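These are notes on the model you sent. They are set out as numbered points and cover the protein–DNA surface, the chain contact and the sheets.

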Number of protein chains: 2
Amino acid sequence: MTKRTMLHDATEETRDQSQPADRALLSADTGTLGKAIALVELVCCADQPLRFSDILRLTDQPRGSLHRQLKHLVLEGLLDLSPDGTYAAGLRLLNFASRAWAQNSARKVAEPHLRRLQDLTGETVHFGALRGADIIYLDKLESRQTVRMHSQVGNASPVYCTGIGKAALSTLEDARVQQMVRTLQFFPFTPKTILDPETLLAEIRAIRTQGFAYDREEHQPGICCVAAPICAVSRGFVGGVSVTAPAFRAQEAQLRDWARPVLSAAARIEADLAVALAPR
Amino acid sequence: MTKRTMLHDATEETRDQSQPADRALLSADTGTLGKAIALVELVCCADQPLRFSDILRLTDQPRGSLHRQLKHLVLEGLLDLSPDGTYAAGLRLLNFASRAWAQNSARKVAEPHLRRLQDLTGETVHFGALRGADIIYLDKLESRQTVRMHSQVGNASPVYCTGIGKAALSTLEDARVQQMVRTLQFFPFTPKTILDPETLLAEIRAIRTQGFAYDREEHQPGICCVAAPICAVSRGFVGGVSVTAPAFRAQEAQLRDWARPVLSAAARIEADLAVALAPR
DNA sequence: AAACATAGTTCCAAATAGTGGAACAGGATC
DNA sequence: GATCCTGTTCCACTATTTGGAACTATGTTT
């Protein structure tokens with residue numbers, strides 16, 4: 001998902017003036033690091049293994065530079081170079097991520113509450129955080145345990161078509177929402193996906209008053225959810241919870257019934273978080 | 001685990017005198033990237049949130065430089081800076097990793113066979129790959145589904161005290177094993193952990209002849225496993241499978257009985273892998 | 001078998017991007 | 001209000017990255 005969402009997200013500052021015009025337009029300058037990470041992203045996102053010259057073509061950099069950069073990335077374990085000359089994501093990334101996951105304080109605090117919510121509803125429960133214009137899932141408790149868990153953890157989905165995403169937007173200051181919505185690229189994942197800023201903004205206003213968000217098959221056909229945002233004191237939105245179910249099991253009445261437990265789970269997490277974040 | 005394995009690999013060097021002698025010995029020079037990744041590692045591995053000056057102390061770099069580096073890492077999403085001034089691993093890492101995981105061809109090929117092995121034995125099945133002197137777990141199928149899966153995926157454990165690790169060593173050329181064993185730092189995770197090169201080398205020789213490896217409470221007290229290596233044509237060790245169980249359920253006879261299904265799972269994965277890797 | 005592509009690697013002068021000392025700006029604490 | 005401790009910005013110096021070109025290795029065509 002969100003194949004294109006992730007490209008330049010960070011800053012953006014028009015260093016306009018005159019000379020170094022177009023480069024500065026889209027992305028903040030993180031120098032060497034930025035270029036290296038862009039390569040990692042390229043390799044990670046590719047849907048087939050890339051060889052040196054594939055990457056050369058995709059980036060059009062001078063060969064010497066590209067070669068050195070890739071060598072560095074391989075040495076650092078961020079990329080793997082197979083003997084057949086194809087590059088793949090390195091195992092060190094997995095290792096970093098497992099630490100990142102284990103460390104994430106909002107997730108840790110939320111965990112027991114997610115479990116409880118799962119017990120209560122018997123459906124799949126998600127926990128996700130906001131990164132740029134995507135929701136990244138940090139946790140997933142399946143209703144039936146046959147499906148693989150990690151298949152979702154770490155995945156990114158756009159804000160505008162997920163319950164947690166819209167819940168997240170509803171907690172942000174208006175200015176930031178405006179700015180974000182303006183730069184969104186809407187993609188019709190399903191016939192029900194919201195495709196224009198106006199509809200989205202209207203929905204966000206509704207979510208602000210009711211306190212939770214629905215996703216009625218807007219991202220995946222046949223999948224609905226109810227989601228609530230979680231905010232921490234002086235830190236704003238730190239994550240969202242949702243209960244997800246196939247549409248036939250999640251009709252209007254049912255979805256509405258789930259809203260209360262979802263909201264109270266979110267509230268409890270907020271409360272625990274306030275305690276967890278207090279020390280130091 | 002392996003808390004100390006990763007520390008300075010990139011940075012650190014006494015630039016004092018004149019010759020750049022000793023520096024080159026321990027780590028390849030990946031320049032700016034290496035320093036940046038070392039910071040990510042530092043933040044990821046810390047067991048408590050680090051603030052700017054914590055990192056400053058731990059790295060003793062000039063403040064200006066450190067500050068810029070951290071800023072870049074945050075801009076790239078590899079680190080997160082909370083409003084309270086503490087750094088944490090960034091969500092982008094999770095996102096990269098989920099792609100790395102989904103992409104990994106050995107894992108994809110192995111998956112159905114792991115499932116079968118799990119059905120057959122009723123115990124936990126692992127799939128792991130080699131990175132440096134650690135085994136990184138790519139997959140874990142629990143016997144009982146109550147325990148969380150991702151709690152293990154991406155985790156690193158040393159080669160010398162895990163079944164998959166020792167199985168991996170048994171497939172490497174002697175020279176490489178020697179070199180690796182010589183630089184290993186043995187740590188007594190349990191009373192049964194192998195602690196010296198000689199014992200390890202002897203065990204590896206045994207594993208070479210029998211084709212599979214045991215771990216009898218060498219990493220975690222009360223936990224045993226049987227593991228077999230998986231090799232691909234011209235690519236050597238690409239991963240290992242293991243069946244893991246609590247010691248009381250995994251007595252000698254039982255462990256020995258599991259060896260056959262583990263070996264045949266490994267063989268089947270190797271066969272499938274040969275097909276999967278053939279095209280292109 | 002020689003000539004020709006194609007893919008990957010190494011080299012080095014030139015310029016850019018990172019370095020690190022020092023000065024600056026809040027916030028606590030005394 | 002002075003002092004400490006934290007985090008941020010600035011800028012001359014220099015080390016690192018750059019990118020063109022030359023080189024090697026492998027496989028393909030004439």
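1. Which atom of DNA strand C is 2.4 Å from an N or O atom in the side chain of A:Ser53? A phosphate oxygen of DNA strand C is. This distance, like the other values below, comes from a predicted model.

2. Two arginines also reach DNA strand C. On chain A, a polar side-chain atom of A:Arg63 lies 2.6 Å from a base oxygen of the strand. On chain B, an N or O atom in the side chain of B:Arg68 is 2.6 Å from a phosphate oxygen of DNA strand C. The elements that supply two or more residues to this surface are helix 2, helix 3 (52–59) and helix 4 of chain A, along with helix 2 (31–45) and helix 4 (63–75) of chain B. Helix 4 of chain B gives the most, with 4 residues.

3. The surroundings of DNA strand C comprise 15 residues, and those that come nearest are A:Thr32, A:Ser53, A:Arg63, B:Pro62 and B:Arg68. By class, the residues near the strand are 9 polar, 4 charged and 2 nonpolar. On the DNA side, 68% of the atoms of strand C within 4 Å of the protein belong to sugar or phosphate, and the rest belong to bases.

4. The contact between the protein chains draws 69 residues from chain A and 69 residues from chain B. Together the two chains bury about 5800 Å², of which 60% is on carbon and sulfur atoms.

5. What is the count of salt bridges between chain A and chain B? There are 6. One of the pairs is B:Arg235 with A:Asp84, whose closest N and O atoms are 3.3 Å apart. The polar contacts between the chains amount to 17 residue pairs, counting those with both residues at pLDDT 80 or more.

6. On the side of chain A that touches chain B, seven elements may be listed: helix 2 (31–45), helix 4 (63–76), strand 3 (86–89), helix 5 (91–103), helix 6 (105–121), strand 4 (124–131) and strand 5 (134–141) each supply at least two residues. Helix 5 of chain A gives the most to this side, with 12 residues. The side of chain A that touches chain B has 32 nonpolar, 21 polar and 16 charged residues.

7. In chain A, 3 strands form an open sheet in the order 1-3-2, with antiparallel pairing. Strand 1 (50–51) and strand 2 (79–81) of chain A stand at the edges with a single partner strand each, so one side of each has no neighbour in the sheet. Strand 2 and strand 3 of chain A run antiparallel and are joined by 3 bridges. A:Leu79 has A:Ala89, in strand 3 of chain A, as its bridge partner.

8. In chain B, strand 1 (residues 50–51) pairs with strand 3 (residues 86–89) in the antiparallel sense over 2 bridges. B:Arg51 has B:Thr86 as its bridge partner in strand 3 of chain B. Strand 2 (residues 79–81) of chain B is also antiparallel to strand 3 of chain B, over 3 bridges, and B:Asp80 stands opposite B:Ala88 in strand 3.

9. Which residue has a positive phi in the turn between strand 2 and strand 3 of chain B? The residue is B:Gly85, with a phi of about 85°. The two strands form a hairpin with 4 residues between them.

How values were computed. Residues numbered from 1 in each chain as written. Chains lettered and ligands numbered in written order. Predicted model: local features only at pLDDT ≥ 70, side-chain atom pairs only at ≥ 80, totals over all residues. Heavy atoms only, no water. Contact = heavy atoms within 4.5 Å. Buried area = accessible area lost by both parts, 1.4 Å probe. Salt bridge = Lys/Arg side-chain N within 4 Å of Asp/Glu carboxyl O. Polar contact = N/O pair within 3.5 Å; in protein donor to acceptor, adjacent residues only side chain to side chain. Nonpolar A, V, L, I, M, F, W, Y, C, P; charged D, E, K, R; others polar. Near = heavy atom within 4 Å. Pairing = 2+ DSSP bridges.
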